[in-house]
Amino acid sequence: MERSPLARFGTAIFWIFAGTMHFVVPRSYEAIVPPRIAKWKKEVVVISGVAEIAGGIAVLPESTKRGARWWLLATLAAVYPANVHMAVNSKDFARIPPAALWARLPVQFLFAWMTWRGTE
């Protein structure tokens, strides 16, 4: 069953906005890069931001929406370790309640579901 163009547009806007935020507040994203790759935190933030923006744009054309689905799901999987890192090391993110950091983990699956549905 194909989704409405509005669902696809909403998915695209979500990802374009999410990716753009990597460039608006890069330090917020750099702060959550896990230590084992922190040496490249600026690059990781730029690459993930570009990946999200590119995926969001690719959701829009009918011919690329399915590829965008897999691209964005892979992007979610790639950044998931940063979310786990935040939850497990909540003391390093004192401005965010630990419960919110743990609650964020299943929310990533909601983003995956939204992406799947928005690219049907």
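Modeller: A crossing is left-handed if the near helix is turned anticlockwise from the far one by less than a right angle, and right-handed if clockwise. α1 passes α3 in that left-handed sense. The crossing of α1 and α5 is left-handed too. This is a predicted model, with local features needing pLDDT of at least 70 and side-chain atom pairs pLDDT 80 or more, while totals for chains, interfaces and linings use all residues. Numbering runs from 1 along each chain as its sequence is written, and side-chain values use heavy atoms, without hydrogens or water.

Biologist: What makes α1 and α3 roughly antiparallel?

Modeller: The angle. The axes of α1 and α3 (residues 41–59) cross at roughly 160° and come within 7 Å. Helices are DSSP runs (H or I, at least four residues; strands are E, at least two), numbered from the N terminus. Axes are fitted to C-alpha atoms, for helices over the stretch in contact, and angles between N-to-C directions run from 0 to 180 degrees. Over 145 degrees is roughly antiparallel, under 35 roughly parallel, 65 to 115 roughly perpendicular, and the rest oblique. α1 and α3 are therefore roughly antiparallel.

Biologist: Which residues make the contact of α1 with α3?

Modeller: From α1, they include Arg 8, Trp 15, Ile 16, His 22 and Phe 23. From α3, they include Val 45, Ser 48, Gly 49, Glu 52 and Ile 57. Contact means heavy atoms within 4.5 Å. By class, there are 11 nonpolar, 7 polar and 2 charged residues. Nonpolar is Ala, Val, Leu, Ile, Met, Phe, Trp, Tyr, Cys and Pro; charged is Asp, Glu, Lys and Arg; the others, Gly among them, are polar.

Biologist: Why are α1 and α5 called oblique?

Modeller: The axes of α1 (residues 5–24) and α5 (residues 98–118) cross at roughly 135°. They come within 8 Å. The crossing angle falls in none of the named ranges, and α1 and α5 are therefore oblique.

Biologist: Which residues meet there, α1 against α5?

Modeller: Ala 7, Arg 8, Thr 11, Phe 14 and Trp 15 in α1 meet Phe 111, Met 114, Thr 115 and Gly 118 in α5. That contact has 5 nonpolar, 3 polar and 1 charged residues.

Biologist: How do you know that α4 and α5 are roughly antiparallel?

Modeller: They pack at about 175°, with axes 9 Å apart. That angle is over the limit, and the pair is therefore roughly antiparallel. On the α4 side, Arg 69, Trp 70, Leu 73, Leu 76 and Tyr 80 are among the contact residues. On the α5 side, Leu 101, Gln 108, Phe 111, Ala 112 and Trp 116 are among them. The contact divides into 16 nonpolar, 3 polar and 2 charged residues.

Biologist: Why is Leu 73 called buried?

Modeller: Buried is under 20% relative accessible area, exposed over 50%, partly exposed in between (1.4 Å probe, protein chains only). Leu 73, in helix α4, has 17% and therefore counts as buried. Beyond its neighbours within four places, Leu 73 contacts Ala 112, Thr 115 and Trp 116. Its C-alpha is 8.8 Å from that of Phe 111, 38 residues away in sequence.

Biologist: What makes His 22 buried?

Modeller: His 22 sits in α1. Its relative accessibility is 5%, and it therefore counts as buried. Apart from neighbours within four places, His 22 touches Tyr 29, Val 45, Ser 48, Gly 49 and Glu 52.

Biologist: Why is Trp 116 only partly exposed?

Modeller: Trp 116 belongs to α5. At 32%, it lies between the two limits and therefore counts as partly exposed. Setting aside neighbours within four places, its contacts are Arg 69, Trp 70 and Leu 73. Leu 73 is 43 residues away in sequence, yet 8.2 Å away, C-alpha to C-alpha.

Biologist: And what makes Arg 66 partly exposed?

Modeller: Arg 66 is in α4. Its 49% is under the exposed limit, and it therefore counts as partly exposed. Excluding neighbours within four places, Arg 66 contacts Thr 119 and Glu 120. The C-alpha atoms of Arg 66 and Glu 120 are 7.3 Å apart, across 54 residues of chain.

Biologist: What makes a set of residues a nonpolar core?

Modeller: Buried Ala, Val, Leu, Ile, Met, Phe, Trp, Tyr and Cys residues, joined through side-chain atoms within 4.5 Å. The largest has 9 residues: Ala 12, Trp 15, Ala 18, Val 59, Ala 68, Leu 72, Leu 73, Leu 76 and Ala 112. α1 and α4 (65–88) each give two or more. α4 gives the most, with 4. Leu 76 touches Trp 15, Gln 108, Phe 111 and Ala 112, not counting residues up to four places away. A second, separate core of 7 residues includes Ile 32, Met 86, Ala 87 and Leu 101.
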